[in-house]
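Let's take a friendly walk through a structure with two chains to explore. Have the sequence and the 3D view ready, and follow along as we go.

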Amino acid sequence: MIEAVIPQASLLKKIIEAIKELVDEANFDFSETGIRLQAMDKSHIALSFLHLRSDGFSEYRCDRSQTLGINLNSFSKILKCAANDDQVQIKAADEAEALSLTFENSSKDRMSEFNLKLMDIDIDSVDVPDMDYQATVSMSAQEFARIVRDLSSIGEAVTIDATKQGVRFFAKGDDGSGNILLKHQKSVDEESTSATSVEITEPVSHSLALKYLANFAKAAPLAERVTINLIEEAPVMFEFKISDMGHIRFYLAPQIEEDQE
Amino acid sequence: MGIKGLKQVIADRAPAALRTVEMKHLVGRKIAIDASTSLYQFLVAVRSDGQNLTTSDGSTTSHLIGLLYRTVSMVEMGLRPVYVFDGKPPTMKSGELSKRREKREKAEESLKAAEEEGNAEEMLKQLKRLSKVTPEINEQAKRLLKLMGVPHVTAPCEAEAECAALAKAGKVWAAASQDMDTLLFGAPVLLRNLTAPAARKLPIEEIRLDEVLRGLDYSCEQLIDLGILLGCDYCDSIRGVGPKSGYELVRDHKTIEHIVKLDKVAKGVPEEWPFDQARELFAKAEVSECATDFVWEKPDTEGMVQFLVNEMEFNEQRVRSAAAKLEKAAGKGQQGRIDSFFKVKPRAASDKAATASAAGKRKGGAAGSAGAKKTRK
C-alpha cells in the first residue's frame, strides 16, 4: 500500500514536466524513505534522477517497496486536470494495476479522482558512482534557462568553461558565435538568487548538446538555483533542489573533441 | 546463410536479449559492419524496373548508391561505421558455397524460362537471386569508403567473424550483420537490418549475447553446439531437429557428443557431419589481432566527384551534398554516451530480481499488472 499527499499540485506538475522531456515512460521506486526515479533517454546520452524524501510530503506511507511504471505523458495529462493549489493524494494498492490520484481544492468542496494505468517498463539503468567534482558552479536557475535559450539560437552545442574567475558559456554556429560570462561572486549569501559562485579545484571545460540542456532547463521553475558539477572524463551533472523535499539531477554525456582521439 | 531458427529460440527463451532500436539511439556507437551482407542488400534493393542501376556502358552502380546514402545517413546520426570485407573463404564452407552455386544455376535456368514466358514478376525474383557481390564490387566499395573517410578492413577469413572479434576486443561496440552466425563467433552485441533498405522499414534489431546466454542458461560452447545442430554454413542440419527440440537437447544433454548418441537423433545425422571442425571454426575463428584503432576522416569531396560523377555517372549535385553532410558530421564533436562512463545494470538480472522480490512480497497474483503489461515484440 502506497499513500502520499502533496499539498500543492503545482509542485508535482513541475516535476513531471521536468522529466517527461527526456523519456516517455519511467519507473518510480517507492520505498519507506521516499520516491526515487532514474530515467535514461533511449540514446543513452542523458540521465535524470529524481529523489523525493518521505518527510517532504504532508502525508507519506509505503508499507512495502514497490516499483510503479508510469507513462509520463499520460501522467502529465491527468495532472492538468488539477488546479495548481489543489491537494494531491497518490494511492496504489500492493498489486495495483493503476495508480489512483485524488485532487481536492483548497475550500475542500470539490474532489476529483483519476486512475492511471501502470505498466511494466523495459528501460536500461546505470550505477552512478559518487564523484568528487573538480568544479561546482552555483547559479540562478532562471539565468541558466535564459543562457540555454539564448545560445540555442546560435549553435547546437555549448562549451562550459569553469575557472576561478567564473563560468563562461560559448556557442558557435554557421552564422556566428555567442559568449556569456558570469563572474564568480566572493560572498554569495543564501538569499541572493542571482549571484554566481564557482568552487573549483581545477579548471574544467566540457562541450554539451544544447538540445538536452533545453530539456533540463524545464526544471528551472522548481528551484531558485542550479548547480553545474563538472569533472574531466565524466558526464556533467546539473542539480535542481526541490525545497525541503529532495532534488532532480540530470547527467549529460559531453561531446568529445575529434583531436583527442 | 545464417542459422535456421536460432532467432526464434532467442525470442522465445531469452526475450530480454532482443530489442528493436532506432538508428538515432546508436549515436556515438562504433559499429563493425559485415560489408558482404550490406553490399548484397544494396544489390538486391537498389533497382529500377527490376534491373540494377548501371552507367551508360552497363557497369552496376546499385551497390555504390546504397553504400553512399546509407553510410551518409549513419554518419549524420553520429554513428561510426567500420566496414569489414570478406577475406578468403574457409575451406569448411565449400559445401555451402557449392550449394549456393547450384542455387544460382537453378535461378539462371528459371530466369530463362520466365523470360520465355514473359513472366515479369518471376524474372525479378530470379534476377534478385542472381545478385552476387563480385571482387570488382568489393574493390569499388573500398575505394568509395576511402574517399568518404570511413574506415574499412579486410578480414583474414570471414567478415562476420572479424566483426565479432572487433566487438569482443572493444574496438567497436557492436557487429552488424544479417547472419546470426555472428553471435556464435562471440559478438557481444549483434545489430541486424542496420543496412537494410530504408524503404522496407525493417526495424534495427539489437541482440545481446550475455542476455542470450543468461536467458537460455547456456555457456558459449552450448550456444555454438545449438547453432551447429540447427544447421550453420559449415554443416548441414540434422533431420528432425528444429529450434524447439534443438534447444531442449542442448539444455538436457549439454554437448553434441552426447546428443548424437540418442536414438531419436542419430538416425537424422547426415553421413558426413564434421561438427567438431565447425565448432572449432566458431570458437577459434581466423581473425586479425584487432590491434588497430579506427580513424574517421573528412571526406575527399573532389575524389568522390571524380569517382562517382565522372566515372560512375552520378548526379554531381547529389554527390556534393552527400560529401557536405559527411564534412559537417566530421567537424562536429562526437557525442559521448552515459554508458561509456557509468556501468549499465544487466537487464535480465534486474528483471529477475524484480519479479523474484515482487513474487516474494505479493501474495498470489501475477507479478506486476498483467492487464497493463507491455509486451515487447
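To compare two helices, we use axes, which are lines fitted to C-alpha atoms, for helices over the stretch in contact, and angles that run from 0 to 180 degrees between N-to-C directions. Helices (H or I, at least four residues) and strands (E, at least two) are DSSP runs, numbered from the N terminus. This is a predicted model, in which local features need pLDDT of at least 70, side-chain atom pairs count only at pLDDT 80 or more, and totals for chains, interfaces and linings use all residues. Residues are numbered from 1 along each chain as its sequence is written, while chains are lettered from A and ligands numbered from 1 in the order in which they are written.

**Helix pairs in chain B**

Start with helix α6 (residues 135-148) of chain B, which packs against helix α15 (residues 301-311) of chain B at an angle of about 155 degrees, their axes 8 Å apart. That angle makes α6(B) roughly antiparallel to α15(B), a label for angles over 145 degrees (under 35 is roughly parallel, 65 to 115 roughly perpendicular and the rest oblique). The crossing of these two, α6(B) and α15(B), is left-handed. A crossing is left-handed if the near helix is turned anticlockwise from the far one by less than a right angle, and right-handed if clockwise.

Which residues make the contact? From α6(B) come B:Arg143, B:Leu144, B:Leu147 and B:Met148, and from α15(B) come B:Gly303, B:Met304 and B:Phe307. Here, two residues are in contact if their C-beta atoms, placed from the backbone, lie within 7 Å. By class, the contact of α6(B) with α15(B) has five nonpolar residues, one polar and one charged. Ala, Val, Leu, Ile, Met, Phe, Trp, Tyr, Cys and Pro count as nonpolar, Asp, Glu, Lys and Arg as charged, and the others, Gly among them, as polar.

Now look at helix α2 (residues 35-45) of chain B and helix α3 (residues 62-76) of chain B, which pack at about 115 degrees with axes 8 Å apart. α2(B) passes α3(B) in a right-handed crossing. B:Leu39, B:Phe42, B:Leu43 and B:Ala45 of α2(B) meet B:Ser62, B:His63, B:Gly66 and B:Leu67 of α3(B). This contact of α2(B) with α3(B) holds five nonpolar, three polar and no charged residues.

**Domains in both chains**

Domain bounds come from an automatic or database domain assignment.

| Chain | Domain 1 | Domain 2 | Distance between C-alpha centres |
|---|---|---|---|
| Chain A | residues 2-117 | residues 135-260 | 28 Å |
| Chain B | residues 1-216 | residues 218-278 | 26 Å |

In chain A, 17 residues of domain 1 are in contact with 16 residues of domain 2. On the domain 1 side, α1 (9-20) and β4 (46-53) of chain A each supply at least two residues, and β4(A) gives the most, with eight. That side of domain 1 of chain A has nine nonpolar, four polar and four charged residues.

In chain B, the contact takes 16 residues from domain 1 and 17 residues from domain 2. α1 (6-13), α8 (181-184) and α9 (209-216) of chain B each supply at least two residues of the domain 1 side, with α1(B) giving the most, four residues. That side of domain 1 of chain B has eight nonpolar, three polar and five charged residues.
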